[in-house]
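Thank you all for coming. I would like to walk you slowly through one structure today, so please have a look at it before I begin.

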Amino acid sequence: MTREPVVLGIETSCDETGVGIVRGSTLLANVIASSMDEHARYGGVVPEVAARAHLEAMNPTIEAALAEAGIGLDDVDAIAVTSGPGLAGALMVGVGAAKALAVATGRPLYAVNHLVGHVGADVLDDEPLEYPTIALLVSGGHTSLLVVRDLVGDVELLGETIDDAAGEAFDKVARILGLPYPGGPQIDRVAADGDPKAIHFPRGLMQQKDDAKHRYDFSFSGLKTAVARWVERAEDAGEEVPVADVAASFREAVVDVLLTKAFRAAADFGIPRLLLGGGVVANARVREEAARRAGLAGVALRIPPLSLCTDNGAMIAALGAQLIMAGHRPSELGFGADSTLPVTEIQVARS
């Protein structure tokens, strides 16, 4: 294996077919085919629709990534693929494609963790990621707080959502406010004209009584319900719902909880570094407030480029390359898709 291996990564954990190619820690290609428009009519991701879309997009996306990188399959040293967590049917498409490529080309295959992949995206930056770091990963299906002591060997889960993920809450509140799917960008757009202090919505698991069991965990179901009740009361009273103020106040509640817990972890563990990842990080208020709090706390903030925050194959390829350069052996071909893969399992079925 070359010192800086060329790795093709495949990501199909949700509704984006991502294929990325890296050489060591250098990004060569990052191509994403999204089926978001197909899900918009249903107001959320439909697993069967997502799996079908992955099947249709897989070959064209691989071909587009190879063309963007200016290489052929013969130039690829290894294949990496998301084994989990995610939607089972969607994961199966990516896993099947990766196995077929590995067998057809004779290249080693690395089955990796989707969430750790989000952290791995940061190695594609010009400056190497320092360890240990706190990582806050926020997407449509996951809200997780991690301590990453070693990207390929030591990842600890501090806390995660106990109900709705932050991205799910954005989608549901957008629906309540009559905004289209996906909710994150729509809430962000509307909230720009609203007052984030107009309505004080609850902050889940932020009370002192929650410290013992849920110091680093998240809960957004109650917040979503609080928004729904507020809107219902306004409508029942015949009042016009101030959509911008509701959106801004809701967004502020989510951002407050996410960042308070993330910076709390940094302080508790004495780690002055915070990495943000996942699609919700594209939210303007998350980025703005994270930068402000990081400055006040003396914490170094890392946020990958937006194209590497959402689900993508480049982050999977990057993690695969790091595993190879650290001397990890390939995964055995018997591994499967694991929708509940724990974040502590960085690589699956290592041979």
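**Two helices, then a sheet**

Let me begin with helices H5 and H8, whose axes come within 10 Å and cross at roughly 10°, the axes being lines fitted to C-alpha atoms, for helices over the stretch in contact, with angles running from 0 to 180 degrees between N-to-C directions. H5 is therefore roughly parallel to H8, a label for angles under 35 degrees. On the H5 side the contact (heavy atoms within 4.5 Å) is made by Lys172, Val173 and Ile176, and on the H8 side by Lys224, Val227, Ala228 and Val231.

I should say that this is a predicted model, in which local features need pLDDT of at least 70 and side-chain atom pairs count only at pLDDT 80 or more, while totals for chains, interfaces and linings use all residues. Residues are numbered from 1 along each chain as its sequence is written, and side-chain values use heavy atoms, with hydrogens and water left out.

Helices here are DSSP runs (H or I, at least four residues), as are strands (E, at least two), numbered from the N terminus. After H5 comes glycine 178, with a positive phi near 75°.

Turning to the sheet, six strands form an open one with mixed pairing, in the order E3-E2-E1-E4-E5-E11, where two strands pair if DSSP finds at least two bridges between them. Strands E3 (26-34) and E11 (347-348) stand at the edges with a single partner strand each, so one side of each is left without a neighbour in the sheet. Two bridges join E5 (residues 109-113) to E11, and these strands run antiparallel, with alanine 111 opposite valine 348.

Terms used
Parallel < 35°, antiparallel > 145°, perpendicular 65-115°, else oblique.
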